[in-house]
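I am opening the notebook on this chain. I will log each thing I look up, in the order I look it up.

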Amino acid sequence: MTTVKTVPSPKLRVAGWMPRSLLWWSVVALTVYLALDVARSLIAHFGYTAPVSTWQPDPAQYRDVEWPPTAMVPPGASNGQRVYLENCAICHGPDGRGNGAAAPSMSPRPRDLTTAGYKYKSTPQGAAPTTADLRKVVADGLTASAMPFFRDMLTAAEIDDVVGYVEALRSVPARRAAPLLVPRRPPVTSANVAHGEGLYRAQGCATCHGAELGGGAVLTDAYGQPVTSRDLTAPWSFRGGARPQDVFLRLTTGLGASPMPSFADLPAADRWDLVAFLESRARAVPGEPGGVLGGPGQSQDALSRGRYLVRAGMCGLCHTEVSAKGIYRDEHYLAGGTRVGAHPQGVFVSRNLTSDPDTGLGRWSEQQIVRAIRDGRTDDGRLLNVFSMPWVFLHNISQTDATAIARYLKTLPAVHNQIPPPLHFGAIETFFSKLWASDLFLGRPPAITYATGSFANLKGPDLARLQGTLIAAQWMVLALWVALLSWLVPLQRWAPLGRRSWTGVLGCSFGLVIYSTPILGVLPAELLSQQALGAVPRPDLSALPAERAALVERGRYLFTNASCVFCHQPNGGGGLKLSGLPGTLFTANISSDPDAGIGRWSDAEIGRAIRSGVSRNGRPLYWQGMPWDHFSNLDEEDVMALTAYLRLLPPVPEKVEAYRPPAAGDCAIYTAWTSPNNASEGCR
């Protein structure tokens with residue numbers, strides 16, 4: 001018998017089926033792939049590290065403040081100066097010129113205390129307010145405005161001291177005059193009301209406040225700043241008071257430095273008739289019997305409604321460049337340029353929302369903007385990452401509101417501000433980081449960073465395009481490896497692997513899914529929004545009167561869509577940590593719990609925190625931790641609605657960590673954690 005000698009195949013096998021040459025080429029392919037992947041990650045980590053520019057305002061326009069404000073008090077300061085710097089300088093500025101760090105977002109702007117242009121006083125037009133006028137404003141605040149009341153936080157002596165300090169700030173001479181006496185009001189008849197209506201038309205009141213008294217016209221004050229005319233059917237929003245004598249006094253003195261003139265030349269009887277007419281047109285208070293929601297958030301004029309929703313919302317928080325000390329650059333309002341780091345999702349630069357046709361929304365249609373707001377889709381159909389634009393929290397904004405916002409954005413002055421594309425981390429880093437994320441479904445990053453300065457108009461190489469080239473090279477490596485695999489390993493060699501081959505396919509698919517989370521391009525927006533907002537409580541309103549139920553529903557709508565949920569969590573429990581320039585903050589527990597939450601707060605105290613940034617214990621709230629400077633533009637009806645809803649949030653008993661002043665180890669870049677229970681010191 002002849003023995004046949006077997007010649008080994010040149011394709012030597014490893015593990016019975018893999019050629020040694022394939023193993024070698026696989027190692028080479030893996031090495032090249034990983035090198036390309038590391039390069040992608042390095043670009044993301046170090047690509048957008050320094051801003052192109054950092055704006056610093058002229059101190060005459062806006063002045064920096066230190067945080068906490070107690071750090072601004074110099075040794076040997078008088079009691080009045082101390083109280084002023086700790087409580088007033090944030091808005092009015094350290095020198096009292098209305099140029100505080102929080103001023104850019106507020107409308108109207110804080111008062112310039114160095115002039116005599118005070119609005120709410122008892123003296124004739126052009127005269128300085130009395131000491132009693134100032135004391136009243138400090139103690140009682142101004143209704144429905146950012147000017148808070150201090151009667152529960154300052155002693156009578158402290159109020160007197162700070163009023164004396166404010167009076168000493170006045171550098172513009174103003175005549176002094178005795179308070180005006182409000183004459184006795186005559187009986188009101190239908191004839192008085194009719195005469196008052198005639199005066200309203202004849203005196204041109206409708207020019208600003210409208211034929212139906214609803215206000216809402218955007219006017220300009222003596223400083224060139226925009227102001228909105230008052231809704232005269234909503235006396236609960238009258239800042240100087242809604243009593244008949246208060247309204248009579250406003251008609252007599254006018255509102256200093258504003259478009260509202262004095263009508264002191266009219267006989268007193270005529271002014272009383274005007275008061276009677278305004279009283280006859282007053283609406284019932286929302287939430288009370290017969291009351292309906294009728295504020296600017298309900299306006300039938302889409303442009304007015306959109307302006308209100310944007311100015312009172314949080315758009316400016318990300319889409320407006322800030323200085324090194326956190327002052328918003330108002331001439332670049334909503335022009336984008338803020339760097340947002342959301343590892344492992346990517347590094348993003350906030351978009352330009354102005355009407356610039358080349359770098360902003362100038363060429364977008366209203367419907368395209370609406371789609372971006374509610375569904376996270378850009379004009380070309382690409383998906384916006386939810387952690388660069390939190391559209392899952394905005395998905396439930398009504399079509400009417402979203403359209404109004406889009407219409408207003410189309411009217412913003414054009415700012416040419418070229419925003420660079422986002423950068424993304426390598427596939428391996430992204431996969432393992434997301435695998436250990438606390439929220440695998442949305443791929444929630446553990447923390448999000450917000451850098452100061454402008455990252456628009458970057459010079460140098462196009463890093464996003466370079467990353468795209470690296471990704472293409474990685475796909476090419478994979479394609480070559482697969483081609484080599486199919487050439488060196490005939491198809492019949494795969495058959496014996498059976499289930500193992502499918503396991504490999506499923507494993508690769510799982511990896512791709514993790515890498516792509518949130519899988520927003522596949523899943524419907526409604527499902528993603530439900531995942532983010534499904535836990536927002538919906539109180540049982542069946543036992544409430546219809547008017548009260550409508551107010552609470554409006555409050556829930558605002559709580560959800562004004563992004564309260566984003567920081568305070570769906571249950572209102574708060575506890576998210578923020579670290580940076582102001583020290584270490586923790587978002588408040590705003591549930592109805594009496595000890596850990598706001599269950600013992602009065603409605604006025606809740607409104608003061610929302611709109612003036614003053615906590616119940618008197619501590620000022622950092623305006624970029626709690627964006628009260630934006631919320632100062634909320635209409636009183638919406639503050640009432642939010643308060644009504646917060647009252648019905650189920651109690652969350654977990655207490656939130658106390659504020660910690662700046663210390664070594666705080667984050668160099670303002671950082672917000674996305675999950676609670678991180679009480680560690682500094683940037684950890």
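**Entry 1: Phe-432 and its surroundings.** I started with Phe-432, which I find in helix α14. I note here that I am working with a predicted model. Is Phe-432 buried, partly exposed or exposed? I looked up its relative accessibility and got 45%. Buried would need a value under 20% and exposed one over 50%, with partly exposed in between. Phe-432 therefore counts as partly exposed.

I then asked which residues make a nonpolar surface patch with Phe-432. They are Leu-30, Leu-34, Ile-428 and Trp-436. With Phe-432 included, the patch comes to about 550 Å². Two elements, α1 (20–46) and α14 (427–435), each give two or more residues to this patch.

**Entry 2: the loop before α14.** I moved to Asn-417. I place this residue in the loop between α13 (399–409) and α14. Its relative accessibility is 2%, so Asn-417 counts as buried. What does Asn-417 touch, leaving out residues up to four places away in sequence? I listed His-332, Ala-335, Gly-336, Asn-352, Thr-359, Ala-456 and Asn-457.

**Entry 3: a second loop residue.** I repeated the exercise for Ser-237. This one sits in the loop between β4 (226–228) and α8 (244–253). Its relative accessible area is 9%; the cut-off for buried is under 20%. Ser-237 is therefore buried. Setting aside residues up to four places away in sequence, I find Ser-237 touching Thr-143, Ala-144, Arg-230 and Asp-231. I also checked Ser-237 against Asp-635, which is 398 residues apart from it along the chain. Their C-alpha atoms are separated by 7.9 Å.

**Entry 4: the sheet.** Next I traced an open sheet of six strands. In what order do the strands run? I read β6-β5-β7-β10-β8-β9, with antiparallel pairing. The edges are β6 (346–349) and β9 (583–586), each of which pairs on one side only. I get an average twist of 15° from one strand to the next.

I then followed β7 (residues 447–450) to its partners. β7 pairs with β5 (residues 339–342) in the antiparallel sense, over two bridges. In that pairing, Gly-341 is opposite Thr-449 of β7. β7 also pairs with β10 (residues 670–673), again antiparallel, over four bridges. Here I see Tyr-450 opposite Tyr-670 of β10. One reminder to myself: side chains in a regular strand alternate between the two faces of the sheet.

**Entry 5: the whole chain.** I closed with the totals. I count 23 helices and 10 strands in the chain. The C-alpha trace spans about 135 × 55 × 50 Å along its principal axes. How many of the 684 residues count as buried? The share is 50%; Asn-417 and Ser-237 are among the buried residues.

The chain exposes about 31,400 Å². Carbon and sulfur atoms supply 61% of that area. Last, I looked at contacts between residues at least 6 apart in sequence. Of these, 69% join residues at least 24 apart.

Methods: Residues are numbered from 1 along each chain as its sequence is written. This is a predicted model: local features need pLDDT of at least 70, side-chain atom pairs count only at pLDDT 80 or more; totals for chains, interfaces and linings use all residues. Side-chain values use heavy atoms; hydrogens and water are left out. Two strands pair if DSSP finds at least two bridges between them. Axes are lines fitted to C-alpha atoms, for helices over the stretch in contact, and angles run from 0 to 180 degrees between N-to-C directions. Buried means under 20% relative accessible area, exposed over 50%, partly exposed in between (1.4 Å probe, protein chains only). Contact means heavy atoms within 4.5 Å. Patches are made of residues with over 30% relative accessible area and no salt bridge: like charges are joined within 9 Å, nonpolar side chains (Val, Leu, Ile, Met, Phe, Trp, Tyr) within 5 Å. Accessible areas come from the Shrake-Rupley method with a 1.4 Å probe; for residues, only the protein chains shown count as cover. A salt bridge is a side-chain nitrogen of Lys or Arg within 4 Å of a carboxyl oxygen of Asp or Glu.
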